[in-house]
Amino acid sequence: MAGHSKWAKVKHFKGAIDAKRARIFAKLSRELTVAARLGGGDPEMNPRLRMVLLKARAANMPSDNTDRAIRRGVGGDDAAHYEDLTYEIFGPGGVAILAEISTDNRNRTAAEIRSLLTKNGGSIATAGSVTRLFQRRGQIFIARDTVNEDRLMEVAVEAGADDFRADQEGFEILTDPARLETVVKTLETAGFPSASAEIAFLPLVHATVEDAAHAAAAARLLDLLEDHDDVKAVHANADLPATV
C-alpha cells in the first residue's frame, strides 16, 4: 500500500520535514490539550492522555511542547470546546476510509471535509457501512535493528499480545485495546522501545486498487485527509500499487 503501508505512518512521523513536523506537533498539541481538559493532567489517572503521550513520543515531540499543551488543557487557557467525530468515507476505487476528527466547529469541519471529498472522488458513506470493515486493535511497531525476534515475541506474548507479525522492516504487535499500555510498558522494560504505539482501526477486508488513475486518486485523497488540521487519524483498507 504505497505511501500508506503499515510502516508508512511510522516513517512519516520519524522522518517528516520541518513543515510536516510542525503540522504533526500542532495536531498532537491539540490532542494533548483536549485530553488534559477532559481528564486532567496526570497521565496515571487519564488513559486518553497516556495514549496521546505515546503518539507524541513516537513522533519525537519535544517534552517542552507536550508539557505546554497539557498545562494549557488543565489551565483552560484555550476556551474552544472540541468534540470527537468519525467520518465514514468511500474513496476512489472503492477504498473504505475512517477519518477521526477533533473539531471546535462541527459545521465548518463538515463543510471542509465534504468539499475535499467532492473534489477528490470521495463521498460520505452510510453510517456503519465502513466501520463494519474494520476492527479496533492496539497496534505496536518495533524497528528491526538488532532486535532478537524470538525474545521479542516471547516478551510480547507473556505481556498479553494477541498477534505477532514480522517483515523485513520490523515487527508489528497487536493487542486488545485495553492491554496496549501494559504491553508497551512491558516491552520497554525488557529493552524493546516502540517506534509507534496506538489504538488503530485495522481493515478486515482489503480493497485492491489496480487501476493506476484510481490508485493515484485514492492516495491523494488519503494524503489530503491526513493533512487536514481537524483530522487526528486516517484509517484505510486500500491496497495500492507500489508505484503510487
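This tour proceeds through two sheets, a helix pair, a pocket, a cavity and one loop residue.

The structure is a predicted model, in which local features need pLDDT of at least 70 and side-chain atom pairs count only at pLDDT 80 or more, while totals for chains, interfaces and linings use all residues. Residues are numbered from 1 along each chain as its sequence is written, and side-chain values use heavy atoms, with hydrogens and water left out.

**First sheet**

Select β5 (163-166), β6 (170-175), β4 (134-143) and β7 (196-203). Helices (H or I, at least four residues) and strands (E, at least two) are DSSP runs, numbered from the N terminus. These 4 strands form an open sheet in the order β5-β6-β4-β7, with antiparallel pairing; two strands pair if DSSP finds at least two bridges between them. At the edges are β5 and β7, each of which pairs on one side only. Neighbouring strands of this sheet are turned by 30° against each other on average, direction ignored. Axes here are lines fitted to C-alpha atoms, for helices over the stretch in contact, and angles run from 0 to 180 degrees between N-to-C directions.

Next, display the backbone of β4 and β7, whose antiparallel pairing extends over 8 bridges. Phe134 has Pro203 in β7 as its bridge partner. Then move to β5 and β6, which pair in the antiparallel sense over 4 bridges. A hairpin of 3 residues joins these two strands, and Asp163 stands opposite Leu174 in β6.

**The helix pair**

Select α6 (149-159), which lies across β4, β5 and β6 and runs at about 160° to β5. Contact means heavy atoms within 4.5 Å. Add α7 (180-189): the two helices pack at an angle of about 145°, with their axes 9 Å apart. The crossing of α6 past α7 is right-handed; a crossing is left-handed if the near helix is turned anticlockwise from the far one by less than a right angle, and right-handed if clockwise.

Which residues of α6 and α7 meet? Show the side chains of Leu152, Val155, Ala156 and Ala159 in α6, which meet Thr182, Val183, Thr186 and Leu187 in α7. By class, this contact has 6 nonpolar, 2 polar and no charged residues. In this classification Ala, Val, Leu, Ile, Met, Phe, Trp, Tyr, Cys and Pro count as nonpolar, Asp, Glu, Lys and Arg as charged, and the others, Gly among them, as polar.

**Second sheet**

Select β3 (123-124), β1 (83-90) and β2 (96-103), and β9 (231-236). They form an open, antiparallel sheet of 4 strands in the order β3-β1-β2-β9. Its edge strands are β3 and β9, each pairing on one side only. Between β1 and β2 the antiparallel pairing covers 8 bridges, and Glu83 has Thr103 in β2 as its bridge partner. Now add α5 (106-119), which packs on the sheet, touches β1, β2, β3 and β9, and makes about 20° with the direction of β1.

**The second largest pocket**

Both kinds of space are found on a 1 Å grid over the protein atoms alone: a cavity is a set of points where a 1.4 Å probe fits but cannot get out, a pocket is an open set with protein on both sides within 12 Å along at least five of seven lines, and lining residues have an atom within 4 Å of a point. Grid points are joined across faces, edges and corners, and a volume is the space filled by probe spheres set on the points.

The second largest pocket has a volume of about 510 Å³. Of its 21 lining residues, Met51, Glu100, Arg136, Ile199 and Lys232 lie nearest its centre. Two or more lining residues come from each of α3 (47-58), β1, β2, β7 and β9; α3 gives the most, with 5. The lining has 11 nonpolar, 1 polar and 9 charged residues.

**The cavity**

The model has 1 cavity of 30 Å³ or more. The largest cavity holds about 30 Å³ of space. To see its lining, select Lys27, Arg30, Glu31, Ser102, Asp229, Asp230, Val231 and Lys232. Both α2 (18-39) and β9 supply at least two of these residues, and α2 gives the most, with 3. The lining divides into 1 nonpolar, 1 polar and 6 charged residues.

**Last stop**

Finally, select Asn60, in the loop between α3 and α4 (63-75). Its phi is near 60°, a positive value in a residue other than glycine.
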